[in-house]
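Let us walk through the charged side-chain pairs of a protein model. Keep the structure open as you read.

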Amino acid sequence: MVVGVKLGFAVKVLGEPLKEADLRRAASGPSLAQSLTYLGEIFDYLERRNLGMYRMSSDLAKYMTHPDYPEFHDQLPQNAERLSELGGRARRAGLRVSFHPSQYILLNSPSDDVTARSIADLDWQARVLDMMGLGPEAVVVLHLGGEYGEHDSARARFVERFERLNESIRRRLVIENDDVSFSVADCLWVHERTGLRIVFDNLHHAAVNPEGMAEGEALRACLGTWPEGQKPKIHFASPATQFQLIEKREGKKKRVEQRAPSRWTSHSDFVDPFAFLRFLEHRPGRDFDVMLEAKAKDLAAIALRDFLRKRGVEVE
C-alpha cells in the first residue's frame with residue numbers, strides 16, 4: 001500500500017556530520033551565505049536518503065534582526081541568487097521545507113517590544129521562502145503564545161496582531177496547538193477569525209484538550225483548514241518514557257543525579273512505530289505530510305520508513 005505521506009524531521013542531521021547553519025557569534029562574522037552552503041549540503045543528504053521534508057533552522061541568518069548588529073540586516077538581498085537556486089532545487093526534488101521560530105517569538109505578547117521583534121523575525125523567514133520561490137505549502141509554523149493570566153484575552157490579542165502583519169507573513173503563517181495553553185479548539189477559534197491554516201500535533205493534543213475532542217475529530221478539523229490543492233502537514237511525536245536525570249546541589253557538595261519520571265510532553269528519541277501505523281490506518285481520506293518531532297531526527301524518519309515498508313506501507 002502506498003500512502004501520500006512525506007516524512008520529515010527538524011533542523012539537525014544526525015546521520016552525517018553536517019551543520020544546519022552558521023552559528024558563530026557576531027564577532028566571528030556568521031553569514032547567511034555560509035548557512036546556505038550548509039543547507040545545500042543538507043539537501044544533498046536528503047536526496048541521498050530519499051527524505052522529502054525538512055524544517056530549516058531558524059538560525060539560518062544569525063543576527064538578521066538584532067538591533068545591535070545592523071551589519072547583518074541586509075543579508076537577504078545579498079544572497080538572493082543563492083536562495084533562488086536552492087528553492088529551484090527543492091521544487092525539482094519535491095522537497096517540502098518550512099520554518100518553526102523559537103518559543104521566544106510571541107505574536108500575542110503584552111509587550112510591544114517583544115511583539116515588534118517577533119514580527120521582524122517572522123518577516124525574514126517568510127521572505128526567505130518567498131525568495132526561494134516556494135509554493136504555499138512552505139510555511140512558518142507558530143504557536144499562539146502565552147496566556148499571560150487571561151486565556152481568552154491572549155487568544156484575541158493574537159488575532160488583533162495578525163491583522164497588522166504584512167502580506168508575505170500572512171500568506172506563509174500557520175498555527176499549531178501547543179502542550180501548555182492553547183488547544184486545537186483554540187486554534188480553530190483563531191482560524192475562524194483569520195483563515196490561518198492549522199498544523200495538528202498529536203502529542204500536544206493529548207496533553208491539552210479540555211474540550212475532549214477525539215483525536216480523529218481534531219485531526220480532520222485541522223486538515224479542513226487547508227484549502228483544496230494544498231497538502232496539509234501535521235506534527236507527530238511519541239512521549240519520552242525513560243527516566244530523566246535531574247542534577248541537584250546539596251549544600252556545597254557537588255551535584256548528584258536523581259531519577260524522575262519523564263515529562264510526558266517531552267519527545268522520545270524515536271517514534272513509536274506501532275502507534276504511528278495505527279494513526280495512519282485511521283487517517284481521514286485526505287493525504288497529509290508528517291513532520292516527526294523526535295530527538296533522533298533523520299534517523300527516526302529513516303527507521304520509521306523502514307518499519308512501515310516491512311509492513312507493506314510505502315510512503316513518498
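Which side chain meets Lys231 in a salt bridge? The partner is Asp289, and the N to O distance is 2.7 Å. This comes from a predicted model. The pair brings together distant parts of the chain, with the two positions 58 residues apart in numbering. Lys231 sits in the loop between α9 (215-223) and β7 (233-236). Asp289 belongs to strand β10, residues 289-292. Both residues are buried, because each has under 20% relative accessible area. The pair does not stand alone: salt bridges with shared partners join Lys231 and Asp289 with Arg96 and Glu316 into one network.

Now turn to the helices. Asp44 and Arg89 meet through their side chains in a salt bridge, also described by an N to O distance, here 2.7 Å. This pair too links distant parts of the chain. Asp44 lies in helix α1 (residues 32-48). Arg89 lies in helix α3 (residues 80-93), and the two are 45 residues apart. How exposed are they? Asp44 has a relative accessible area of 32%, so it counts as partly exposed. Arg89 is partly exposed as well, at 22%.

A third pair is Arg193 and Glu192. Their side chains form a salt bridge at 3.5 Å, N to O. Arg193 is partly exposed, with 40% relative accessible area. Glu192 reaches 62%, so it counts as exposed; the cut-off is over 50%.

These pairs are examples from a longer list. The structure holds 21 salt bridges.

Methods: Residues are numbered from 1 along each chain as its sequence is written. This is a predicted model: local features need pLDDT of at least 70, side-chain atom pairs count only at pLDDT 80 or more; totals for chains, interfaces and linings use all residues. Side-chain values use heavy atoms; hydrogens and water are left out. A salt bridge is a side-chain nitrogen of Lys or Arg within 4 Å of a carboxyl oxygen of Asp or Glu. Helices (H or I, at least four residues) and strands (E, at least two) are DSSP runs, numbered from the N terminus. Buried means under 20% relative accessible area, exposed over 50%, partly exposed in between (1.4 Å probe, protein chains only).
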